[in-house]
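Please walk me through this structure in the viewer, one selection after another. Tell me what to pick and what is there.

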Amino acid sequence: MSTSLLIVQTLNGLQLGVLLFLISAGLTLVFGVMDFINLAHGVQYMLGAYLAVMFYALTGSFLAALVLGLLAALAFGLLLEFAVFRHLYDRDHLEQVIATFGVILFLNQGVKFVWGASPLSLPIPEIFSGSVVLMPGLLYPIWRLVIIGSGLLVALGLYFLVGNTRVGMLVRAGATNAAMVSALGVNIRRLFMIVFGFGTMLAAFAGIMIAPILSVEPGMGDTILILAFVVIVIGGIGSIRGAFVAALLIGLVDTLGRSFAVDILRLFMSPSPARTVGPAIASMLIYLLMAVVLYIRPTGLFPAKGQS
Amino acid sequence: MTPASGAGRRFAVSDLVALAIFVIFALVPFAAKLGPEAYVLTLVTRVMIFAIAAVSLDLIVGYGALVSFGHAAFIGLGAYVAGILASHGIGDALVALPVAIIVSTLFALATGVVCLRTKGVYFIMITLAFSQMAFFTASSLSPYGGDDGLTIHARDTFAGFAWMKGDGALYYVVLGFLLLTFLLCRALIASRFGRVLRGARQNSTRMAALGFEVFRYQLVAYAISGALAGVSGFLLANATNFVSPAYMSWQRSGELIIMVVLGGLGTLYGAIIGAAAFIIAEEWLAGFTEHWKMIFGPLLILVVVFARGGLIGLMSLIAGPRRD
Amino acid sequence: MTEPVLRLENLRKRFGGLLVTDDVTLDVVPGELHAIIGPNGAGKTTLINQISGTLSSDAGRILFAGQDITALPVHARAQCGIARSFQITSILPEFSALENVALAVQAHAGTSYRFFGRAQDEAALNEPALAALRETGLAERAHIRAAHLSHGERRALELAIALAMQPKLLLLDEPMAGTSHEETERLIAVLRRLKGRFPIMLIEHDMTAVFALADRISVLIYGRILASGKPEVVRADPQVVAAYLGESME
């Protein structure tokens with residue numbers, strides 16, 4: 001276990017955390033303000049990536065692909081909201097889960113239909129490709145730093161937006177008590193659309209930023225969806241601050257856990273069982289974490305609606 | 001004024017529907033002789049196996065409002081018990097089945113103690129978390145196939161007697177278990193215990209004020225439900241001669257929920273119909289196009305948006321009100 | 001001086017900066033109907049919630065039949081014999097009126113870990129349930145779904161449920177809330193019949209009911225007990241008249 005490996009994995013953990021935050025922020029807001037469980041949030045992340053790949057092929061510019069991809073993803077998200085989600089706001093969570101599960105099935109298959117099943121890729125923009133020297137002997141990919149940086153910027157922007165603007169205040173109020181906000185005469189439908197659209201763009205942004213590193217393929221949103229739900233549950237539903245803390249926590253625990261689980265276990269047991277048990281425990285770590293958090297705080301760390 | 005359903009009636013219309021379902025199941029192997037026998041038999045066996053799990057899930061979701069998104073874990077546990085024991089030479093249901101039930105029950109009790117402290121979406125997530133843990137554990141069991149799964153060479157015997165050897169025999173064994181499961185759950189619902197569970201679904205504050213420690217009753221219900229799903233898994237392993245971590249994936253848990261809701265929550269026989277509808281639709285659509293999910297997905301959405309109460313809800317005029 | 005069934009000692013409850021229950025000491029003796037009155041926001045429901053266990057107190061003790069129940073959870077207190085009705089009706093809407101009450105009987109009639117045998121057919125549960133329904137005038141509506149009962153009928157059902165628990169102490173939180181004049185009269189008649197059978201703590205706004213039924217009245221203002229004693233005494237207390245009864249007398 002060398003220091004450079006530790007630093008690299010910590011940065012990787014931060015990068016995963018930031019990515020998770022981008023996805024969870026939209027998810028927790030939609031859930032908190034609109035009381036809507038959107039399982040299809042993961043495919044919106046995937047769609048962002050696919051649209052960016054498509055626009056890159058058309059324009060040859062990453063920036064253009066990013067902007068156009070975001071806009072297209074937003075448009076598609078609003079279309080979904082209008083066609084499907086709108087009818088589900090007053091239904092119970094179970095029905096929302098099933099309907100959005102149907103959306104996942106449709107879109108996962110849909111991208112296979114349009115773009116085929118083989119993984120696609122998006123190249124890193126020239127200026128950000130390559131690695132930077134962090135320490136003697138320690139190289140780290142610039143693009144990953146860009147992801148961390150942009151994610152933190154977005155987090156800062158969201159923090160400012162939600163804390164200091166009128167819309168942000170309405171969102172915070174809505175997350176605490178949507179019925180009251182509506183009763184106060186606020187156009188709740190428009191607020192929902194804004195929240196939803198924003199969430200979609202965040203998810204798409206995450207998908208586009210990660211596309212150069214991961215492969216773009218059908219179903220790429222599924223695993224990240226589960227992780228995002230773990231994040232918002234640990235963080236507390238409706239809370240952006242909670243999502244931020246939980247996302248970074250999970251990013252770090254998952255990444256560092258996977259890297260060092262075997263090594264840590266080797267301190268307690270012999271190499272062979274450590275190597276078998278290690279990866280299994282590593283995969284389970286975040287779920288164990290969630291179980292522990294929910295045991296102590298059954299509504300998450302920073303629930304918007306407060307402890308009942 | 002409409003009287004409350006079930007008041008004083010020993011047998012309701014819903015029982016007739018259930019009876020019809022079981023009669024149909026019993027007759028399928030004979031009808032199948034007219035067509036592609038083996039295929040139909042395997043398909044309906046699979047339907048019945050998942051119906052057992054779906055009914056067990058309806059017990060806690062439909063009647064108890066405990067939405068478990070980790071029920072596939074119990075199926076997986078039951079299956080793995082069968083597989084692991086078989087790989088060590090223990091291939092008799094007299095041993096394997098009770099062990100499967102015990103393991104599932106223990107897992108349910110251990111995880112239920114944590115899960116039942118939460119409510120709503122938190123409960124959904126934490127049940128998911130535990131099933132993911134089971135999933136990853138199974139994936140890492142390299143001596144038992146890990147990710148690739150484990151083949152079972154022969155179906156379990158019963159006290160030495162090869163009771164499930166032929167597909168026809170297996171079919172009726174599974175049907176028997178489904179009938180037992182249905183009758184058990186039906187009795188449970190009507191019992192004192194079931195009444196507490198149903199009351200807790202409607203108003204847990206009131207239940208506590210009456211003197212019921214709701215947590216305990218829910219835990220017992222959760223354990224029973226898990227045990228039954230474990231039986232389903234045991235049968236699944238025997239039917240397919242194969243065990244894999246995929247049996248416990250969260251997508252599988254999602255599918256179980258779909259089956260129960262699709263059929264109609266809180267009716268028990270609805271869960272059977274839902275399992276049949278889901279699996280048969282899956283098979284049928286897949287025959288048309290490899291992109292059948294693009295049809296199935298929107299179909300689910302349409303059912304949720306327009307057919308509240310699932311297929312049973314659509315049939316409610318015929319079948320009568322909810323059995324409560 | 002008979003041993004009180006319920007005794008609250010220096011009970012205190014804060015919500016953030018607000019002291020909702022301020023050093024409350026009172027008791028309920030066997031056979032009496034002790035009414036708690038006070039303006040809205042005085043902390044009456046909070047007090048009942050602390051007695052039933054829904055809320056935990058910040059300080060003080062609650063003694064029931066001599067036993068300290070301050071730390072007991074809601075269901076345990078109900079098992080001890082404390083029955084309460086809720087200000088906002090809390091019933092099981094999908095069950096019939098009969099089944100609502102039968103469930104209350106079931107809670108105190110042996111174990112509910114019975115997995116076989118139809119609960120709906122048990123005479124041991126249905127008979128006492130019907131009796132409680134008859135007491136509250138709901139016998140004819142026994143088989144109607146609770147959700148389909150009128151508001152007044154539901155308030156009566158709340159009472160029937162509490163009765164069916166064979167309570168050693170009955171806590172009634174504004175049973176007349178929102179009921180019509182006729183239904184109020186009916187409930188007063190029922191309560192008059194029940195008086196003496198078991199101790200009752202009654203929270204009410206309806207002064208007619210309070211003065212018709214109470215053996216003792218305690219006045220709760222801003223979380224403190226301002227006065228406590230026989231109705232005539234409390235009625236005449238100048239502090240009480242000034243703070244509460246002044247305008248709304250009669």
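Start by selecting C:Leu63 and, in β5(C), the residue that stands opposite, C:Asp68. The model you are looking at is predicted. Now widen the selection to the two strands: β4 of chain C, residues 59–64, pairs with β5(C) in the antiparallel sense, over two bridges.

**The sheet of chain C**

Select the whole sheet next. This open sheet has four strands, in the order β2-β1-β4-β5 (chain C), and the pairing is antiparallel. Its edge strands are β2 (18–28) and β5 (67–68) of chain C, each of which pairs on one side only.

Go to the other end of that order and select β1(C) with β2(C). These two strands run antiparallel and are joined by seven bridges. Within this pairing, C:Leu6 has C:Val28 in β2(C) as its bridge partner. The strands β1(C) and β2(C) make a hairpin that leaves two residues between them. Click on C:Gly16 in the turn, where phi is positive, at about 65°.

Then add helix α1 of chain C, residues 44–52. This helix lies across β1 (6–15), β2 and β4 of chain C. Relative to β2(C), the helix runs at about 60°.

**From chain C to chain B**

Show chain B together with chain C. How many residues does each chain bring to this contact? Chain C gives 33 residues and chain B gives 27 residues. On the side of chain C that touches chain B, the elements giving two or more residues are α2 (74–80) and α3 (97–107) of chain C. Select α3(C), since the largest share of this side, five residues, comes from there. Colour this side of chain C by class and you will find 15 nonpolar, 12 polar and six charged residues.

**From chain B to chain A**

Hide chain C and show chain A. Here 30 residues of chain B are in contact with 35 residues of chain A. To see the elements that give two or more residues on the chain B side, select α5 (120–139), α10 and α12 (293–306) of chain B. By class, this side of chain B has 20 nonpolar, eight polar and two charged residues.

Keep α10 of chain B, residues 250–263, and add α4 of chain A, residues 93–115. Their axes come within 10 Å and cross at roughly 115°. The crossing of α4(A) and α10(B) is left-handed. Which residues make the contact? On α4(A), pick A:Leu94, A:Val97, A:Ile98 and A:Phe101; on α10(B), pick B:Gly254, B:Ile257, B:Ile258 and B:Val261. These contact residues divide into seven nonpolar, one polar and no charged.

**Inside chain A**

Finish with α10 of chain A, residues 240–266. The helix has 27 residues and reaches 38 Å from its first C-alpha to its last, close to the 39 Å expected. Centre the view on A:Phe260, where α10(A) bends by about 55°.

Last, add α1 of chain A, residues 3–34. α1(A) and α10(A) pack at an angle of about 145°, and their axes are 7 Å apart. Is the crossing left-handed or right-handed? α1(A) passes α10(A) in a right-handed crossing. The contact of these two helices has 14 nonpolar, 10 polar and one charged residues.

Note on methods
Residues numbered from 1 in each chain as written. Chains lettered and ligands numbered in written order. Predicted model: local features only at pLDDT ≥ 70, side-chain atom pairs only at ≥ 80, totals over all residues. Expected span 1.5 Å × (residues − 1). Bend = angle between axes of the 7 residues up to and from the residue. Axes fitted to C-alpha atoms, helices over the stretch in contact; angles between N-to-C directions. Left-handed = near helix turned anticlockwise from the far one by under 90°. Contact = placed C-beta atoms within 7 Å. Nonpolar A, V, L, I, M, F, W, Y, C, P; charged D, E, K, R; others polar. Pairing = 2+ DSSP bridges.
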